[in-house]
Amino acid sequence: MNFTLKIWRQASQRDQGQFVTYRIDEISDDMSFLEMLDLLNEQLIAKSEDPVAFDSDCREGICGMCGLMISGQAHGPEVTTTCQLHMRSFTSGDTITIEPWRADPFPVLKDLIVDRSAFDRIIQAGGYISVNTGAAPEAHSVPVPKPNADRAFDAATCIGCGACVAACPNASGMLFMAAKVTHLGELPQGQPERASRVLSMVTQHDHEGFGGCTNIGECSAACPKEIPLDVISTLNGDLRRAMQHKPS
Ligand code: FES
């Protein structure tokens, strides 16, 4: 397979950046998208050119490090992570546009790498439980009804890749934040800090410059873990109750 790649090149955060066109040939349809970029980089290095900078770690769809806007879609044409996307999802001869996530709270550091530490600060603001866990407790010592356990587990599959923000016209981080709020709010261990958690996380989210949710749903459609949109309803419910009981 042969492709024309239009890749965003930006030397640093201060650089203006531009698209640069590359041609790449003899790509196997079994290759992953990142392997295709690896091959391009080998060719660039062989010509003493600067390789394209992009993020990845596990390459198994687990860590959330990878994330590219591929021809206008977060993570490309499949509902999966960029590292799990394969070249068979494209047609030989295609022109593929590759950009970093575009959102003010995710500044571009170099080429396709963005700084997603805003997500870390939202988690630091409240995405945890403050209990002494000690040794692993007996599995049945804290009963959790199955529907709650299932919903907590589904929400916990969020890998924090940032596709939701990149796909949202408002650059909202609500789906990410709501996944964390729902995950902890469904479990007994998450109850003591439930109100303070949502207040702190929403405050930090807004402080970082993420936009508000207007129920467009692009976030959930782009999410490689298919986090459902209704976690945002859970967050809004928690936020309303927390605001009502907030000491004035
Ligand atoms: S590199 Fe870990 S999810 Fe893609």
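Me: OK, strands here are DSSP runs of E, at least two residues long, numbered from the N terminus. Which residue in E2 is the bridge partner of Arg9?

Reply: Gln18 is the bridge partner of Arg9 in E2. Keep in mind that this is a predicted model.

Me: And in which sense do E1 and E2 pair?

Reply: Antiparallel: seven bridges join E2 to strand E1, which covers residues 3–9.

Me: What's the strand order in the open sheet?

Reply: The five strands go E2-E1-E5-E3-E4, and the pairing is mixed. Strand E2 (18–24) and strand E4 (73–74) are the edges; each has a single partner strand, so one side of each has no neighbour in the sheet.

Me: What packs on the sheet?

Reply: Helix H1, residues 33–46, does. H1 touches E1, E2, strand E3 (69–70) and strand E5 (95–99), and its direction makes about 90° with that of E2.

Me: Back to E5. Do E1 and E5 run parallel or antiparallel?

Reply: E1 and E5 run parallel, with four bridges between them. In that pairing Ile7 is opposite Ile98 of E5.

Me: How many bridges join E3 to E5?

Reply: Two, and those strands run antiparallel. Ile98 turns up again here, with Ile70 standing opposite it. So Ile98 in E5 faces Ile7 as well as Ile70.

Me: Switching to charges. How many salt bridges does the structure hold?

Reply: It has 13. One pairs the side chains of Asp50 and Arg9, at 3.6 Å from N to O.

Me: Where do Asp50 and Arg9 sit in the chain?

Reply: Asp50 is in the loop between H1 and E3 while Arg9 is in strand E1, so the pair links distant parts of the chain, 41 residues apart.

Me: Now domains. Which ones does the domain assignment give?

Reply: Domain 1 is 3–110 and domain 2 is 116–244. Their contact takes 16 residues from domain 1 and 21 from domain 2. Over C-alpha atoms, the two centres are 29 Å apart.

Me: How much area is buried between domain 1 and domain 2?

Reply: About 1,300 Å², with carbon and sulfur atoms giving 67% of that.

Me: Which three residues supply more than any other three of the area domain 1 buries against domain 2?

Reply: Val79, Pro105 and Phe106, with 39% of what domain 1 buries there.

Me: What's the count of salt bridges between domain 1 and domain 2?

Reply: Zero. There are four residue pairs in polar contact between the domains, though, counting pairs where both residues are at pLDDT 80 or more.

Note on methods:
Residues numbered from 1 in each chain as written. Predicted model: local features only at pLDDT ≥ 70, side-chain atom pairs only at ≥ 80, totals over all residues. Heavy atoms only, no water. Pairing = 2+ DSSP bridges. Contact = heavy atoms within 4.5 Å. Axes fitted to C-alpha atoms, helices over the stretch in contact; angles between N-to-C directions. Domains from an automatic or database assignment. Buried area = accessible area lost by both parts, 1.4 Å probe. Salt bridge = Lys/Arg side-chain N within 4 Å of Asp/Glu carboxyl O. Polar contact = N/O pair within 3.5 Å; in protein donor to acceptor, adjacent residues only side chain to side chain.
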